[in-house]
Amino acid sequence: MPVPESGAEPQTAAQTRFDHTLARDQRIEPRDWMPEGYRATLVRQIAQHAHSEIIGMQPEGEWITRAPSLRRKAILFAKVQDEAGHGLYLYSAAETLGADRADLTERLISGRQKYSSIFNYPTLSYADVGVIGWFVDGAAICNQVPLCRSSYGPYARAMVRICKEESFHQRQGYELLLTMMRGSEKQRAQVQDAVDRWWWPSLMMFGPPDGNSPNSERSMAWRIKRHSNDELRQRFVDMTVPQAERLGVTLPDPELVWNEEREVWDFGTPDWSELQRVISGDGPCNQARVERRRQAHEDGAWVREAAAAHAARQQDRQAAQDQQAAQDRQTAQTAQLKGVPA
Amino acid sequence: MVTAGTVTADARSPLQRARDAAASVLDPELPMLTLADLGVLREVGVDADGQVTASLAPTYSGCPALAEMRADLDAALRAAGFTRVEIRTVLDPPWSSDWITPEGRAKLAAGVSPRPDRPPTGRRAARCR
Amino acid sequence: MSDDHVYLSLAEASPEGDARWAFGTGFEDPLHGVDTALPESVDPAGLAALCLALGDDALVSAQRLAQWVTCAPELEEEVALANIGLDLLGQARLLLARAGQAEGAGRGEDQLAYFRGPEEFRNVLLAELPNGDFAHCVVRLLLFSSWRLAAFQALTAHPDPVLAAVAAKGINELAYHRDHAAQWTVRLGDGTEESRRRMLAALDELWPHLAELLDGEQQQVRAEVELTLRQVLDAAGLPVPAVPEAASGRGRAGEHTRTWPNCSPSSSRWPGRTRRRHGDRRHGVRRHGDRRHGDGRDGDRGRQVPAATRP
């Protein structure tokens, strides 16, 4: 169904083509015409996704030097590196829509653009690393699998790639927890404690309930978003409860109960005021996360400037060389015509 | 040897069956590629007593997926009906991205980056150039 | 392509799934599955000492590189530095495992990494210096990888086949590290006034540590390293300092700085894992489990113990 721009003009041929592409569930590519609202919504969504990958490196990255075994260290190091790669990939996808990466970074640092609320929570033990793999990557995958069929080509393809890598991370996280649950009393307690702290924030990753999600309808009409927040949240719960049972942990929700009729797990209501507070900057780590990103960006300015200066100088040198080479050829040709040695 | 539950007779030799099973195992980190595509599956052999030995070359020293690769390969061979399985790791000669098959390269190239003018962004993609 | 298979496989509670989790099955030893017989001609103590030194260099370097995560000047560099750190960590794991085997006292990679004090570590000081600015990172990487690459090239001829193989494997990685550092050296040396100033400061601080790296190396390795460094610095328009005569650092002898970056997490290391016997444990009251008693569904849901505990 076509979504008219506010103050809509008469339907153009380009708009018609756009609408038909969406209706046939096909892809919009960078070279295609698209409504400004579509483009802007995508830029915001993709940018936020990219920012989340980058900020997400912080809570996990701080545990690399303190991993409890060399194998765990390698796994975590690789995971965090993957996340940087995902961020880069997504920024590139945003650039195909005309966004500028430096500008997006500015928006993140100034707070004008957001990142996933989940990364505003602290990692207090190594069990948190496992639980992040299990819950947060799990939730991200639930969110992202449907986005593999998102209408915008570069975004959909990025989702396919990212999902595959994240499913490996989720597996690694779960495996870490399985190992800890088969370990000492202290390790099991650490896992349960991490579960208790990360469960509700993970449910909140899917955003506010459908009734309170104003942008969702447009995004769904444009097929940028394929399922509602509540639908995805339910999927995540249904997927995770059996995993929790295999692990031997309790999910901290007294209202979690199997609904025989609908064949889903009914669950309690997240504290939406907490989500609101965290989104608006009042979570445990918001300031630290953004500050860290800002610091790295500023500290790196001289490096980026030097790289640019060097590249420019290289270009000039190359241009000068090319010009000289062309002159030399000209001189040689002229000499040849005159029968004179150059 | 036949897995319980296999109904149709398998006309392949045990060696072929082992090779097919091993070659089809997906890379845990880049599941669009098989171990064969990646060039890490070095050798598969079945001895006279029916024991399968498969050799893997780790891609790079820090590869965190080696344990998973070994486990997946082991599981695939057991699912193919072999009860005695040995997975060897071969450090020498060292794996190089030259060993990636043309099919593997094609799969990697698909969706490598939205910006063809920029280098590949992922860890594996960067290694497998 | 069915995207759902990615999603469904996560939800599956397949019993075989657990067989693929790599704990308690010997898959954790990085040399597992490699033919690790020690040749007669190789002196075990000498091999252990050599592998330990090279392993410690890599491990400590990897710790410092891990501290660059989320601090790198641009995202591409986050990926690159993590790549390099992960390579070195992987080399460390293989080398420490080999050292433990040669030593023959039952110590594996983790015992060696987590249960030795600083006085037993054999890394060069260059590896353990605290991180400075990005120029410091680049110069350190340039010196370290140029030397390590040359050393590993020589080691491919070592009589121990495992060390020779680890060296052969490491060469491609180290060539990448050295090239990466070299490219940055040129960009920063030939960039802006500020970047040049910082590079000079980094060279000033770090160059003296080169002596400890080259200490005892064959002439061929020294020559290779000096040539590489000269070429890179020339291309960058940076002066080539004189190679110092004597090593001032004594990291190889176990004398480390106060800021030596320990691997251990601040909380205690994992105690030895105990195996749980099937049916052994109760894990408290599970409210979601309780609610379903008597609903006639899959009896497994009521069990406390995961379906696929493997001894």
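Start by selecting C:K169: this lysine is buried, with a relative accessible area of 3% (buried means under 20%, exposed over 50%, partly exposed in between, with a 1.4 Å probe and protein chains only). You're looking at a predicted model, where local features need pLDDT of at least 70, side-chain atom pairs count only at pLDDT 80 or more, and totals for chains, interfaces and linings use all residues. Residues are numbered from 1 along each chain as its sequence is written, chains are lettered from A and ligands numbered from 1 in the order in which they are written, and side-chain values use heavy atoms, leaving out hydrogens and water.

**Around C:K169**

Colour helix α8 of chain C, residues 161-189, and you'll find C:K169 in it. Helices here are DSSP runs of H or I with at least four residues, strands are runs of E with at least two, and both are numbered from the N terminus. What does C:K169 touch, not counting residues up to four places away in sequence? Show B:P58, B:T59, B:Y60, B:S61, B:L91, B:P94 and B:W95; contact means heavy atoms within 4.5 Å. Now add C:L59, which sits 110 residues from C:K169 along the chain, with 17 Å between their C-alpha atoms.

**Chain B**

Since those contacts led you to chain B, show it whole. Chain B has five helices and three strands, and along the sequence they follow the pattern α-α-β-β-α-β-α-α. Of its 129 residues, 54% count as buried. Its accessible surface comes to about 5600 Å², with 55% of that belonging to carbon and sulfur atoms; areas come from the Shrake-Rupley method with a 1.4 Å probe, and for residues only the protein chains shown count as cover.

Zoom in on B:P93, in the loop between β3 (85-89) and α4 (102-109) of chain B. The peptide bond leading into B:P93 from B:D92 is cis, with omega near 0 degrees.

**Chain C as a whole**

Which elements make up chain C? Twelve helices and zero strands. Chain C has 311 residues, and 53% of them count as buried. Take contacts in chain C between residues at least 6 apart in sequence: 78% join residues at least 24 apart. Chain C exposes about 13200 Å², and carbon and sulfur atoms supply 50% of it.

Two residues here deserve a click. C:T70 is in the loop between α3 and α4 (75-103) of chain C, and its phi is near 70 degrees, a positive value in a residue other than glycine. C:T70 is buried, at 9% relative accessible area. Then go to C:S195 in helix α9, residues 193-206, which is buried with a relative accessible area of 0%. Leaving aside neighbours within four places in sequence, C:S195 is in contact with A:W302, A:A306, C:R187 and C:L188.

**Where chains A and C meet through helices**

Select helix α3 of chain A (residues 70-95) and helix α3 of chain C (residues 44-66): their axes come within 12 Å and cross at roughly 40 degrees. Axes are lines fitted to C-alpha atoms, for helices over the stretch in contact, and angles run from 0 to 180 degrees between N-to-C directions. The crossing of α3(A) and α3(C) is left-handed, a label for the near helix being turned anticlockwise from the far one by less than a right angle (clockwise would be right-handed). A:L70, A:K73 and A:F77 make the contact from α3(A), and C:L59, C:A62, C:Q63, C:L65 and C:A66 from α3(C). By class, that contact has six nonpolar, one polar and one charged residues; nonpolar covers Ala, Val, Leu, Ile, Met, Phe, Trp, Tyr, Cys and Pro, charged covers Asp, Glu, Lys and Arg, and the others, Gly among them, are polar.

**Inside chain A**

For another helix pair, pick α4 (residues 101-110) and α11 (residues 286-299) of chain A, whose axes come within 9 Å and cross at roughly 140 degrees. That angle makes α4(A) oblique to α11(A) (under 35 degrees is roughly parallel, over 145 roughly antiparallel, 65 to 115 roughly perpendicular, and the rest oblique). Show A:T105, A:E106, A:L108 and A:I109 of α4(A) with A:V290, A:R293, A:R294 and A:H297 of α11(A) to see the contact.

Last stop: A:E263, in the loop between β1 (257-259) and β2 (264-266) of chain A. Buried or exposed? At 52% relative accessibility, A:E263 counts as exposed. Its phi is positive, about 55 degrees, although A:E263 is not a glycine.
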